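Trainee: I've got the model open and a list of things I'd like to understand. Can we go through them together?

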Amino acid sequence: MAFSEKEFDIFVAKKVKETLQYHWDATRISPTPTGQEALDAKLAVLGHARFVTMRSFVKEESELRRMRNSWAPLHRLPVETFITILLLVVEDHSTDGDDEPIQLHRLASVCSHWRTVLLNCAGFWKALSPQFGTHFQRWTLRRNPNGLLRIYYIPQQSMSQNARVEFLDLVIQDSARWQKLVFQDILDEDMCAILRRDMPRLTDLFVNNSPWSPHLPSPELFLSEGVTLRYLSLTNAAVSWNSPRLRNLRALDLSRINQSLPSLHQLHAILSSSPQLWCLILSELTMEPTWDGELPQREVHLPNLTTLILRYTPDSVTQLVLSTVTAPACNFVILSGLQLQHIRNSPSKLQALLRLPLQTRPPIQFRGWTTGSRNGSLNLCSIPIPEVPSEWLYHVTERVGIDLKFDLPGWDEDAIEDVTKWVAASVSAFQWPEDLILAFDGWNQPMQLLFGCPQFDQTAVRRLRLLSEDTATYVLGWLADCPVRAGDREVPEHGKGLRFPLLAAVYLDCPAYDIPFLPLIKQFVESRVGPEGKPFPSTNISPGLTIGVPDMWIDVVKDSLAGCSVGVTQIPDPMQSGFEF
């Protein structure tokens, strides 16, 4: 029988009163108490009844919610599938693994069903770290007596030597169950001896041996027989490069390794046997005789490689990678310390590596600077500038980007010409982007070569940012088609066609403006909108040309451009504008 809300309230009140009266009648004592004592007793019973009732309601509500949650789509999955989903949530991707207990606690607090699943599945209890505390470490080993383990040996500076030894003594006896080892500490001979154990199930090895010294050889870590590794990251450490476990790698990161380097043929063999490799990082490797010798010629096809980083590696290593590796899916490329021979020897291979990043037409920065002793560098990069990842290799937030740095000793004009023309050809093959940044402080040859490339003046650049006074002087004169002095060189005459016909904004991010800088701004604007402030009919440019300058120069530039139909604004903040710098 259904009750209305009012009828239900009356029904509940009646039942409560009958229950209390029954309780009072059953517990009445003799002699009959006075009226005041009876009322006090009833009040006490009522207070206790309220407590018991609320506790019963909470229990009943909890049971009803548990029953309701059992109908959730997630809980109707097979238990094995549900466990797999939770394991993906718990799987740690941070540097030190210290948040895994927090993740487990949060998941166990969702409901009793989740808590039961977590407590009864050994797969959730893998992580061991000295930061977790001895009680949690031993409790984890009891929960997971036979399964795989992830070891995070990253002791804090305040951690005593006895505490470090105690942790290692606890976990080293289960080295046969290690799936991952993260080591960030001093890897000396004693530590190498402690870690000289069989680790047949190890698939993820991350070692950062500190401190690093360029004069000491990197220690070699024992690698027993076992399954092939998936992820290998070594900083100032080495392994046996002939080990069959260095096959089928998914990520390889070798940094700051002294003397104990793989030979060219060993490196080539590792890459050739790892078709699933998606991340390759070689950084700050020192030269040694084993690098010398004839380069392997057989092509290395890496269809899944998306991240390639070569930073200040020996020329032979750079040449090996650029001449043999084919990576059609590569979209994140950082190459530092490039030499002219890398372009001349493998121009098509290098261009192929840049195909995906350049196809998206990201904002591009092309700049040059001198490094003293008549040495220079040229840099082509996308914006925002790509950064070397510091987190796990398999947890890199992949974004499209390139960063190429060319070293040009002696200001070799032929080398500068070859590099500049190669850059122009590589970018123009996929169309120049709408956003372009230029900076050549006192070094105009690259600009002259770039701006002299065929059809460069007709590219679809819409926003242009100039990062030095010399660059702004040259480019404004080129855009206005008027010869002016730029540093110690004169801007050459060009044709009378409109340069960058779609140009809508020029940002002059320079420390100061001086003659002929201000007149050049006006000449450029008048070449676009005419001296009367109206666009020339033949230019077909859309109204709304914008000049961006530092805040302190806005009034000066506005006065100089009085009467011209042009906007003068502050240079946009890179974090708040669509043009990311």
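Mentor: Sure, and let's settle one term before anything else: contact means heavy atoms within 4.5 Å. Keep in mind too that this is a predicted model.

Trainee: Fine. Of the contacts in the chain with a separation of 6 or more, what share comes from residues 24 or more positions apart?

Mentor: Take the contacts in the chain with a separation of 6 or more as the pool. Then pick out those between residues 24 or more positions apart. Their share is 68%.

Trainee: And how much of the chain counts as buried?

Mentor: The chain has 18 helices and 21 strands, and its accessible surface comes to about 29,500 Å². Carbon and sulfur atoms hold 54% of that surface. Of the 581 residues, the part that counts as buried is 46%.

Trainee: Let's zoom in. Is Asn209 buried or exposed?

Mentor: Asn209 is found in strand 4. Its relative accessible area is 6%, and the cut-off for buried is under 20%. Therefore Asn209 is buried.

Trainee: Which backbone nitrogen does the side chain of Asn209 reach?

Mentor: Start with what Asn209 touches beyond four places in sequence: Asp185, Ile186, Leu187, Pro219, Thr235 and Asn236. The side chain reaches the backbone oxygen of Asn236 at 3.1 Å. On the nitrogen side, the distance is 2.7 Å, and the partner is Leu187.

Trainee: Where is Ser224 found, and which residue has its backbone nitrogen 2.9 Å from a polar atom of the Ser224 side chain?

Mentor: Ser224 is found in the loop between strand 4 (204–209) and strand 5 (231–235), and it is buried, at a relative accessible area of 5%. Leaving aside neighbours within four places in sequence, Ser224 is in contact with Arg197, Asp198, Met199, Pro200 and Arg245. The backbone nitrogen 2.9 Å from a polar atom of its side chain is that of Met199.

Trainee: On to helix packing. How does helix 6 lie relative to helix 7, roughly parallel or roughly antiparallel?

Mentor: The axes of helix 6 (residues 134–143) and helix 7 (residues 161–172) come within 11 Å and cross at roughly 5°. Angles under 35 degrees count as roughly parallel. So helix 6 relative to helix 7 is roughly parallel.

Trainee: Which residues of helix 7 does helix 6 meet?

Mentor: By class, this contact has 3 nonpolar, 2 polar and 2 charged residues. Helix 6 brings Thr134, Gln137, Arg138 and Leu141. On the helix 7 side they meet Glu166, Phe167 and Leu170.

Trainee: What about helix 4 and helix 5: what word describes their arrangement?

Mentor: Helix 4 (residues 100–108) and helix 5 (residues 112–120) have axes 8 Å apart, at an angle of about 140°. Roughly antiparallel needs an angle over 145 degrees, and roughly perpendicular runs from 65 to 115. That makes helix 4, relative to helix 5, oblique.

Trainee: How many residues of that contact of helix 4 with helix 5 are charged?

Mentor: Helix 4 supplies Leu104, Leu107 and Ala108, while helix 5 supplies Trp114, Arg115 and Leu118. The split has 5 nonpolar and no polar residues. The charged count is 1.

Trainee: How many of the 10 residues of helix 10 are buried?

Mentor: Helix 10 covers residues 315–324 and is largely enclosed by the rest of the structure. Its buried residues include Val317, Leu320 and Val321, along with Ser316 and Thr324. The number buried is 8.

Trainee: Now backbone oddities. What is phi for Gln259?

Mentor: Most residues other than glycine have a negative phi. Gln259 sits in the loop between strand 6 and helix 9, and so does Arg256, whose phi is positive, near 50°. For Gln259, also not a glycine, phi is positive at about 70°.

Trainee: Which residue does a cis peptide bond join to Ile383?

Mentor: Most peptide bonds are trans. Here omega is about 0°, and the partner lies in the loop between strand 13 (376–382) and strand 14 (401–408). That partner is Pro384.

Technical notes:
Residues numbered from 1 in each chain as written. Predicted model: local features only at pLDDT ≥ 70, side-chain atom pairs only at ≥ 80, totals over all residues. Heavy atoms only, no water. Helix = DSSP H or I, 4+ residues; strand = E, 2+ residues; numbered from the N terminus. Buried < 20%, exposed > 50% of the residue type's maximum accessible area, 1.4 Å probe, protein only. Polar contact = N/O pair within 3.5 Å; in protein donor to acceptor, adjacent residues only side chain to side chain. Areas by Shrake-Rupley, 256 points an atom, 1.4 Å probe, with all protein chains shown as cover. Axes fitted to C-alpha atoms, helices over the stretch in contact; angles between N-to-C directions. Nonpolar A, V, L, I, M, F, W, Y, C, P; charged D, E, K, R; others polar.
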